[in-house]
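The following exercises, each with a worked solution, introduce a protein structure. Please examine the sequence and the model before reading on.

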Amino acid sequence: MKHFFITALLMLATMAVQAQTADFDFKEVIYTPEQTTFQLFAPQNAKSVTVEFMKTPANKMGRRQMPPKRQKVKMNLGKDGIWRAVAKGDLLNCHYRFFVDGQTSPGVFAKAVGVNGTEGVIINLKDTDPEGWAADQRPQVKSPVDLVIYEMHHRDFSIDPSSGITPQHRGKFLALTEQCAIDHLKQLGVNAIHILPSYDYGSVDETRLDQPQYNWGYDPVNYNVPDGSYSTNPFDPACRIREFKQMVQALHKAGIRVILDVVYNHTYDIDHSNFQRTYPDYYYRKVEGNYSNGSGCGNETASERPMMRRFMIESVKYWINEYHIDGFRFDLMGVHDIETMNVIRQAVDAIDPSIFIYGEGWSAGACALPAEQLAVKAHIPQMPRIAAFSDEIRDALRGPFSDDTKGAFLAGLSGEEESLKAGIAGMIDHPQVDYTKVNYSDEPWALQPTQMISYVSCHDDMCLTDRLRASIPGIKTDEIIRLDLLAQTAVMLSQGVPFMLAGEEMLRDKKGVHNSFESPDSVNHLDWDNLRRYPQVFDYYKKLIAMRKNHPAFRLGDADLVRRHLEFFVAPKGVVTYHLSGHAGGDAWGDIIVILNSNKEPTKVDILEEPFTIVCRDGVIDENGLGEICAEQVEVPAQSAMVLVR
């Protein structure tokens, strides 16, 4: 009875909040030269809600030239449940902060902040637009399967002198505006950059950037402002915004989309979070009075609550409209509820249906919300046009997340072939895939192949080369290269959306570190000299991506087409063979046979006895042909892929 009473009270409170906040659009600061309106969602029973602003404008470096003249204005509670105050006069460039019963914050939806994000700043966002911003165009993509996603961390990509990036731009947004960076990405052939968290996060002190600091950024502070550590001047509130836009503009001009990694599932901590300081406990889930920890970071947000859901929707829309973002990767999407994810998809569709949404289809622990409501991988069928990472194909290739030393298909171990087949088909229902033999999933979870992200490594866990060293004792560099190329062939020629970690094209390693989220540059940096050491790796990646882009058979984008044209052949242990027939997707190639051989010796594989041209063999790709064959069997070199076409 007590539980029922508490549940009823929560439902009534939720309904009240929904009614009170129906028209609140998260514009916490509405500026005009004549006056500024401040508004805040805070508890109705708060004893004191005020806003303080500093009228002394900052100098060009963002540092105030004299002690600020602070003015505090009382906020009043409106009938709609929103606290408001109006300050007369021109407050452009002023810093501000809210006080709720003595707790200070820049609010939850600051659009500009000072150094380290402790204060909001009133700016004219139009003044941050680079020249030509209004004409910026999103690169056209017909289907998500036409994307080749390249996941990068700003600092990793360009911090090393070998990158060739101008010293003051290394590790910054502006690195991706430089021609050498753009040329590398275009030559590789990727057309979407997934940037690790780029909003204002907490673990890097922006006042000490002359000292070594590193973090992936999964510790959000201000969700809607670019992080100052990636700007050339974190003391200037407009600088980080302008430079982020310059980065997006440069990538768009190069035909490359920009995908933002968003971490709405948790905050840096609770006590210091803007959510908690603005409206204590509203934005977080609890279990029996304790904060739930489905994120594994000490807290989990309550996406099902009206204002948290509204926050997520408005935040995503803001990044699209203000920064021209082309897609979103949801960190630990399985912490969020299904309804919120679907509402976000609908809101994005109203702007541009081609904007891609995907996420991690799991949580890092038990969540307070009932399991049937969570946006986990198994519930992807309930979330049309939202995708999830396939750990099935990832771990079928390299081994389980839970044990770095255990290998799988790449290590020459049999038993993972069915999981690999499921990944190649896009985790859809396919008559030749036996899901009782697939790791982690006993049934298909994707309605369409566009709902599956195909990958073998990402920022989490070991990168591919380190994992090969850990799982195959004594492995030499030449074998690492063979297996690396084999793995990426499976990824890039699958029917899902291919995804790769930055630096894999240059045989990146991270010195064996499993979780490098705060490791130094010496671990995380890309060594661009590897392009000269291992030119065959980049050449293979480039030609592999080009093969996928040139041939629609590898990216059919429709489950019925995949079932119609994709056939798996019976193959020896350690081998997966599949056939794409009938000019699949309108492909110029009438028949394509792909053979993935993980065995440590050449292996004979049954094929069709028809004249075929070999376009990929033993780590070399040439779409014009590497030879001809017409036989019932073909011998595939050890630890390599072969592609035959007709």
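**Exercise 1.** State the volume of the second largest pocket and describe its lining.

*Solution.* Step one: the volume of this pocket is about 760 Å³. The model is a predicted one, in which local features need pLDDT of at least 70, side-chain atom pairs count only at pLDDT 80 or more, and totals for chains, interfaces and linings use all residues. Residues are numbered from 1 along each chain as its sequence is written, and side-chain values use heavy atoms, with hydrogens and water left out.

Step two: 31 residues line the second largest pocket, and Trp-216, Asp-331, Leu-332, Glu-360 and Asp-460 are the closest to its centre.

Step three: sorted by class, the lining comprises 13 nonpolar, 9 polar and 9 charged residues. Here Ala, Val, Leu, Ile, Met, Phe, Trp, Tyr, Cys and Pro count as nonpolar, Asp, Glu, Lys and Arg as charged, and the others, Gly among them, as polar.

Step four: α8 gives the most to this lining, with 3 residues.

**Exercise 2.** Determine how many residues of helix α9 are buried (under 20% relative accessible area, 1.4 Å probe, protein chains only).

*Solution.* Step one: helix α9 spans residues 417–424. Step two: 8 of its 8 residues are buried, so α9 is largely enclosed by the rest of the structure. Step three: the buried residues of α9 pack against several elements, including α8 (391–398) and α11 (477–492). Step four: Gly-426, which follows α9, has a positive phi, near 90°.

Terms used: Buried < 20%, exposed > 50% of the residue type's maximum accessible area, 1.4 Å probe, protein only. Helix = DSSP H or I, 4+ residues; strand = E, 2+ residues; numbered from the N terminus. Contact = heavy atoms within 4.5 Å. 1 Å grid on protein atoms, 1.4 Å probe; cavity = no way out; pocket = protein on both sides within 12 Å on 5 of 7 lines; lining within 4 Å. Points joined across faces, edges and corners; volume = space filled by probe spheres on them.
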